[in-house]
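Subject: Handing over the structure

Hi there,

Here is the structure I promised to pass along. My notes on it follow below, so have a look whenever you get a moment.

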Amino acid sequence: MNNTVKYISELLYRYECVILPGFGAFLTRRQPATIQETTHSFYPPKKLVSFNRQLQNNDGLLANYIASAENISYTDAVAKIQRYVLSLNEKMALGKRVELENIGAFFTSVENTLQFEPLQEVNYLTEAFGLTTFVSPAIQRTIEIKREIYKEEVEAIEEVVPLTFTPEKRRERPYLQYAAVAAVVLGIGGFFGLKQISDNTISYNNQEWQKANQEIENRIQEATFEISNPLPAINLNIIKEATEENTNPSSSEAEVSFGKYHIIAGAFRIASNADKKVQKLKNQGFDAHLIGANKYGLHQVVYKSYENRLEALRALRKIKKEQSPRAWLLVKEL
């Protein structure tokens, strides 16, 4: 039985990006508590789940989690993920709607594009555990006016005992007029003051929402995962027989390989700033170099590149502690 979707659901509680290698990535974004005025419904804060088809490279998070949960090797876990992705692609090719338990559903649109519909019933925000949606009835504020009742009672009394009214000169009270004017002025001032506070609150919420989106974009761009108990790396020594066409090793120069594990020191929009950063790190004793621009057009500066993942992780922890906590690990073949 393939429980890959179960492990993806468990990881979404802890991480903001879970990649299903060869298929895509599930991303989460925090949404604050909301109120639906038309239905008088109150919704707790939650994590919104979305899907990105472009992120398909294996980052090791899901495979290591499956290997640890089922007590199998990392290679077997990768093979299990590949079989699950193959079954998903076969169902999608037949035009079927694929349901992922506690996550959502995939289907193909009329334009033959992959669409994802997240499941709203599951909340992956651990801070909101125990909070549910509820509906509060609207508060009815009514003032019963008994003027008509009083009028009928007075007419009934007048029919029995006629009343005679003596005209009386009404004493003028000018201070009441001033009090009424002051009440009107205060009411208008209070209305505009509340409106100003409401506008400021809406503007602040919009700014915070934009900051949260930008932070998520930055985390996706610089996504890396540190695994506390990584599996040991396997080194294979391959002996290549010499051929008649290439018997002289000095006939071609050796290509320089930096490895695929790079400790990123920063990304710069201006190339000259990136060169200055490289020179500064070299003066500090690092084997710094450039690895080209990312998809955002930023020039990436590397402290050092490694062939071995464990060495790269150890170096990353040391650099974060001694140099810069903003350093992160990029896995990329150059």
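Glu-70 is partly exposed in this predicted model, its relative accessible area coming to 25%. Its salt-bridge partner is Lys-80, and the closest N and O atoms of the two are 2.4 Å apart. The bridge joins distant parts of the chain: Glu-70 belongs to helix H2 (residues 61–70), Lys-80 to helix H3 (residues 74–93), and the two are ten residues apart. Is Lys-80 buried or exposed? Lys-80 has a relative accessible area of 9%, and because anything under 20% is classed as buried, Lys-80 is buried.

That pair is one of four salt bridges in the structure. The next part of the story centres on Arg-97. Which residues share a salt-bridge network with Arg-97? They are Glu-99 and Glu-117.

Here is how the network is put together:

- Arg-97 and Glu-99: the side chains meet in a salt bridge, at 2.8 Å from N to O.
- Arg-97 and Glu-117: this salt bridge has its closest N and O atoms 3.2 Å apart. Arg-97 sits in the loop between H3 and strand E6 (98–100), while Glu-117 is in strand E8 (residues 114–118), so the bridge ties together parts that lie 20 residues apart in sequence.

You may also like the accessibility of these three residues. Glu-99 is exposed, with a relative accessible area of 55%. Arg-97, at 43% relative accessibility, counts as partly exposed, and Glu-117 is partly exposed as well, at 41%.

One last residue to look at is Gln-300, which is found in strand E12 (residues 299–306). Its relative accessibility is 4%, so Gln-300 counts as buried. What is Gln-300 in contact with, once its neighbours within four places in sequence are left aside? The list includes Ile-264, Gly-266 and Ala-267. It also holds an unbroken run from His-289 through Leu-290, Ile-291, Gly-292 and Ala-293 to Asn-294. Trp-328 and Leu-330 are in contact with Gln-300 too.

If you want places to start in the viewer, try the bridge between Lys-80 and Glu-70, then the network of Arg-97, Glu-99 and Glu-117, and then Gln-300 in strand E12.

Best wishes

Definitions and conventions: Residues are numbered from 1 along each chain as its sequence is written. This is a predicted model: local features need pLDDT of at least 70, side-chain atom pairs count only at pLDDT 80 or more; totals for chains, interfaces and linings use all residues. Side-chain values use heavy atoms; hydrogens and water are left out. Helices (H or I, at least four residues) and strands (E, at least two) are DSSP runs, numbered from the N terminus. Buried means under 20% relative accessible area, exposed over 50%, partly exposed in between (1.4 Å probe, protein chains only). Contact means heavy atoms within 4.5 Å.
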